[in-house]
Each structure stands twice: as C-alpha cells, then as structure tokens.
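Thanks for asking me to look this over with you. Below are my notes as numbered points, to be read with the structure open beside them.

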Amino acid sequence: ENIDMSIVSKKSKQIPGSLIREMFAMQAGMKDVISFALGEPDFTAPQHVVDATVASFRRGETHYTPNTGIPALRKAVAATYQARGLDYQPSEILIGAGAISLLNLACTAMLDIGDEVLLPDPGWANYKGLMMQVGAVPIPVKVKEENGFMYEIDDLRNAITPKTKVILINSPSNPTGGVASAENLRQISDLAKERNLYVLTDEIYRELIWDGEPYTSIASFPGMKERTVVVDGFSKKYAMTGFRLAWSAAPLEVTTVMTKLLENVLSSVNEGVQWGGVAALTGNQDCVEEMKCQYRRRRELIVKGLNNIEKISCLWPKGAFYAFANISGTGLKSQEFAMRLLQEQHVVVVPGTGFGQGGEGFIRLSYATSEKSIQEGLRRMEAFVKGL
Ligand code: PLP
C-alpha cells in the first residue's frame, strides 16, 4: 500500500496556476472596473470566417476529420509560408485546437524526462507548466529591458548544460511586446547549430508587429528548418480565440509524431472551424489591417500615457498588444502595485512577476481594449501613483 498515494498526481500538484486568474478573482463584485488584463483581441472574428464555419456545419460536415486537419487548411497554411520564402509542404503542417494544444504536443514530441528547455523570463507563464507536464525542466533565462526583452546570446550560452535540448522563442513576446531582431535570431540559430540544440518558436503574435520591419522566423535561417518546430494560429491575428484553431509547421518526422500524439488528445479539430480557418487565410485581409490600425492607435495612446506618468516608464513594444511598464520608480513591488491599483482605483493590470521573477518591477497592460478605457485607466493610474 502506498500511503503517499492520492487521486491527484504529485507532478500535477507542482504545476503552477496562473496569477492572472487570481487577479480576476479579486475583481469579482467590484464596480466600474477598467481591465488591462485581457490577453485576447476585443474584436469579434471576421464575418466571412463565421459564415464559412456555419456553412460547413449546415452542409452536414459534423464528423471527424483526418487527425492532421483537412487538406484544404494544411494547403492554405503551407501556402502562406511558401509566399514568405519558407518551404513548408502541407504534409509538414498539423492543425490543432489553439496554439496551446500544439505547444503541448510539441513538448511531448521533442522532450524526454529531465531534458532542459531555455525559456525567456519574463515569459508567458504557461510555458513552465507545459514543460513540467512532460517531465522536462524549464530553465528561465533573464531577458532584460535594455535588450528589448529578448535573449542576450551570452546569457543563453551560459545557461546551456549537457541536458539542454530546446530553446524556446516567443517573438513578438507575451508579456513584453519585444520582437527579436534578425541579427539576434541569427546568433541564436548559430548557437543552436553549434551546440546541437532544437528550437520551439511560438509565433502566435507574428502578424502583430508595429515597427515596419518584416518579420523574421528563426526557421528561415540556413539549417534551422530541420531543427525547429513553429507554432502559430488564428487566435490573435484574426481575433479567433474562441475558435480554438492553430497549426504547427515542423519537419515531417516531428509532424508525424505530433499527429500520433494528437490522436490521444483531440483526435481532430471540428470541421466547421477548420473551414473558418481556410476562409481567414484565403479571404480578404482588410479585417486584419483594420484591427492592426486600431492596435496602433491604442499603442500610441497607452505608451505615451504611461511615459507621462511620473515614476513610470514604458519601452515601445514592437509587437503583440501588450505594454510592459517599468514601475520600479514607485518603490512598490509588482504584485503590491497591482493589488493596490485594483483596490484603490479599480484598474486591473498583471504584475510582471506573473511571468517569472524577471518580471519584478514591471506590470503588463493589454491594450486590446477601447481607447476610452485606456484613457480612463491611465487617468486612474496617474492618480494612484500621485497618491503614493
Ligand atoms: N502563446 C502565447 C505567447 C500566448 O500569449 C497565447 C495566448 O494568450 C497562446 C500561445 C495561446 O494561443 P491559443 O489561444 O491559440 O491557444
């Protein structure tokens, strides 16, 4: 008899929950709350995408699809890479239920127990849990404000041990809005090849970049496609979070393994949603441009506004829809800042420490919210800081 035994595994107990959820719980019952916590577009999905989904269900397409996803969608995804000079074949594309599902499968496919993964700190909190779930070891690598919150190549190099297998890249980044430069990615790819490491790149915010430079994927460097798993999807670019639709692009060997694993979790994504994805990729892209136009205006408003508040500074985020503001000048720790701002001014922000210890001294504000809310939220934040 195992006296330590309980219905819940030890492994799952160790996996951290989300601080964002805690913040949500705190605001329950509060009136007149302004939230900068939302990690998703506030737009609804484009109408032609919804129509394509509904039409598919109405045609009676209510069955399983191939585990890999419908051929039309894999073809449409591969075509977007081909158009950017990245030679992915439809057979190397796998369709999943949200980027998170493919990150999860990629971890199982790439990692053995005890393998170490280098992750950005601050970085998206879920990465840690994903790694722990497969018995791999997340190794946080500090990404600094002065380096645009992207990896410094020497910091990566110093974190490598004989157990290191994968470098995780998230550019544009949640929570910082940082975007890796082509030069930075070239250095990382050289390091990966030199030390025989693999790369998992989360490119879910790829289309949301603001500085006019074309996006570079690490997979596009010579010799990198064969050692990289790319995860991307529809959630952010097309405001389709609730569709739960995404893809991975990876060498056939990995895609085949991920397909086998997907069968044990999802079997397949529902067909109507996949036709929505085809409509999104092959249809008119004006919807994306309109949303991007709004994000750009909100970004201006929030970053200028934050920098106008004494004791707060904010780097211009190069991508995604997050501002990562430095609040260390207020003398408060991130969590205390966020809690008091919520209690005193009913404004929700996420403490930087929700994304790792490297986030101490920062708060994350999502600007996927209306200009009116941004203005009012900034006004309240200024009042809060003045009153400290
Ligand atoms: N990766 C990052 C960095 C994210 O911020 C998110 C969502 O917040 C995801 C992945 C998950 O995307 P999806 O909704 O497609 O699962």
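1. Let's begin with P172, which sits in the loop between strand 5 and helix 8 (182–194). This is a predicted model, and in it the peptide bond joining S171 and P172 is cis, with omega at about -10°. P175 lies in the loop between strand 5 and helix 8 as well. The bond between N174 and P175 is again a cis peptide, here with omega of about 20°. Both bonds deserve a look on your screen.

2. N174 also turns up around the ligand. Of the 13 residues there, N174 is one of those that come nearest, together with G98, A99, I100 and S235. What classes of residue make up the shell around the ligand? Five are nonpolar, seven are polar and one is charged.

3. Strand 5 belongs to an open sheet of seven strands, ordered 2-8-7-6-5-3-4 and with mixed pairing. Which strands stand at the edges? They are strand 2 (93–96) and strand 4 (137–142); each has a single partner strand, so one side of each is left without a neighbour in the sheet. On average, neighbouring strands of this sheet are turned by 25° against each other, with direction ignored.

4. Inside that sheet, strand 5 (residues 164–170) pairs with strand 6 (residues 198–202) in the parallel sense, over five bridges. If you want a pair of residues to find by eye, take I169, whose bridge partner in strand 6 is T201. Helix 5 (residues 99–110) packs on the sheet. The strands that helix 5 touches are strand 2, strand 5, strand 6, strand 7 (228–233) and strand 8 (246–249). Its direction makes about 165° with that of strand 7. A99, named above among the residues that come nearest to the ligand, falls within the range of helix 5.

5. There is another open sheet to trace, with four strands in the order 9-10-13-12 and antiparallel pairing. Strand 9 (313–314) and strand 12 (350–351) are at its edges, and each has a single partner strand, so one side of each is left without a neighbour in the sheet. Strand 12 runs antiparallel to strand 13 (residues 362–366), and two bridges join them. Here P351 stands opposite I363 in strand 13.

6. Now the overall layout. The protein is divided into domain 1 (10–45 + 286–386) and domain 2 (48–282), and their centres, taken over C-alpha atoms, are 25 Å apart. How many residues does each domain bring to the contact? Domain 1 brings 34 residues and domain 2 brings 37 residues.

7. Staying with the side of domain 1 that touches domain 2, helix 11 (286–308) and strand 10 (322–326) each supply at least two residues. Helix 11 gives the most, with six residues. By class, this side has 16 nonpolar, twelve polar and six charged residues.

8. For the annotation, UniProt places the feature "domain: Aminotransferase class I/classII large" at residues 31–380, in an unreviewed entry. Over residues 31–380 the chain is 38% helix and 16% strand. The end C-alpha atoms of that stretch are 14 Å apart.

9. One last backbone detail concerns D32. Its phi is near 60°, a positive value in a residue other than glycine. D32 is found in the loop between helix 2 (19–26) and strand 1 (34–35). I would put this residue on the viewing list beside the two cis bonds, S171 to P172 and N174 to P175.

Key. Residues numbered from 1 in each chain as written. Predicted model: local features only at pLDDT ≥ 70, side-chain atom pairs only at ≥ 80, totals over all residues. Domains from an automatic or database assignment. Contact = placed C-beta atoms within 7 Å. Nonpolar A, V, L, I, M, F, W, Y, C, P; charged D, E, K, R; others polar. Near = placed C-beta within 6 Å. Pairing = 2+ DSSP bridges. Axes fitted to C-alpha atoms, helices over the stretch in contact; angles between N-to-C directions. UniProt positions renumbered as here; feature names shortened; annotations may be inferred.
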